[in-house]
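Colleague: Could you pick one part of this model and take me through it closely? I'd like to see how the pieces fit together, with the cut-offs spelled out as you go.

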Amino acid sequence: MKKALVIVDMQEVFYTLPENHLYRKDELADRINVLIGKARSASVPVVFIQHTSSDPGDEFYPGSPDWQLYHGLARHEDDTVIRKTTWDAFHETELPDFLQKQGVEQLVFAGAQTEFCLDTTIRAAYSHGYKRNLVAKDCHSTLDSSVLPASKIIEHHENIWNGRFASLQPMEAIAF
């Protein structure tokens, strides 16, 4: 089964602004880089999703320093980067066509934010016919909210995804 690694919204804003620091941000980047290395070793496409805003004052505005993909990721120039303007990486983007042209049947997800763009994209993937997806445990993160700490948001979403929209696996167990 042909796979693709999809890394959602791992952008500088989550590393440069203290109020936006992801839960376990440094460990997260290191673990995603291990996953990227595993995908590359198996010649699996690595796709970076990049959130984009049309508001010049927004941190996700194209060209702004915070909008850039996180510099600590093991990204190659020939990796596919797909920009999105909503929480759903499938909505009005090139992602569906890219995956179809590559013959991808299974997606492996990592990135941010757990309860926003990652969750929406995982559910959209399921709706687009990708029924056997994987989420790399400890390779996604979010921020504390006014209601729950990031660790509880992550735990809650992993519980919802696992066995419904995707299978949750430790990064070490994911094989490409």
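Modeller: Happy to; I'll start with the sheet and then look at what packs against it.

This is a predicted model, with local features needing pLDDT of at least 70 and side-chain atom pairs pLDDT 80 or more, while totals for chains, interfaces and linings use all residues. Residues are numbered from 1 along each chain as its sequence is written, and side-chain values use heavy atoms, without hydrogens or water.

The sheet is open and parallel, with six strands in the order β3-β2-β1-β4-β5-β6. Helices (H or I, at least four residues) and strands (E, at least two) are DSSP runs numbered from the N terminus, and strands pair if DSSP finds at least two bridges between them. At the edges sit β3 (80–84) and β6, each pairing on one side only. From one strand to the next, the twist averages 30 degrees. Within the sheet, β1 and β4 are joined in the parallel sense by six bridges, and Val-6 stands opposite Phe-109 of β4.

On this sheet packs α2, which touches β1, β2, β4 and β5 and makes about 150 degrees with the direction of β5. Such angles, from 0 to 180 degrees, are between N-to-C directions of lines fitted to C-alpha atoms, for helices over the stretch in contact. Helix α2 also gives six residues to the largest nonpolar core, which is the largest share. Here a nonpolar core is a set of buried Ala, Val, Leu, Ile, Met, Phe, Trp, Tyr and Cys residues joined through side-chain atoms within 4.5 Å; buried is under 20% relative accessible area, exposed over 50%, and partly exposed in between (1.4 Å probe, protein chains only). That core has 30 residues, and Met-10, Ile-32 and Leu-35 have the most contacts inside it. Among the elements that give it two or more residues are α1 (13–16), α2 (25–41), β2 (46–51) and β4 (106–112). Beyond its neighbours within four places in sequence, Ile-32 is in contact (heavy atoms within 4.5 Å) with Ile-7, Met-10, Leu-73, Ala-110, Gly-111 and Cys-139. A second, separate core of 24 residues includes Val-8, Val-104, Phe-165 and Ala-166.

Now for α5, which lies across β5 and β6 and runs at about 175 degrees to β5. The helix has 12 residues, 150–161, and spans 16 Å from its first C-alpha to its last, close to the 16 Å expected at 1.5 Å a residue (1.5 Å times one less than the number of residues). Its buried residues are Ala-150, Ile-153, Ile-154, His-157, Glu-158 and Trp-161. Seen down the axis of α5, these fall within an arc of 130 degrees, so they line one face of the helix; the arc is that of the directions from the axis to the C-beta atoms. Their cover includes α4, β5 and β6 (167–170). After α5 comes Gly-163, with a positive phi near 85 degrees.

Finally, some backbone details in the loops. Most residues other than glycine have a negative phi, and most peptide bonds are trans. Arg-24 has a positive phi near 55 degrees; this residue lies in the loop between α1 and α2 and is partly exposed at 47% relative accessibility. Ser-43, in the loop between α2 and β2, also has a positive phi, about 55 degrees, and counts as exposed because its relative accessible area is 64%. The bond from Ala-112 to Gln-113 is cis, with omega near -25 degrees, and Gln-113 belongs to the loop between β4 and α4.
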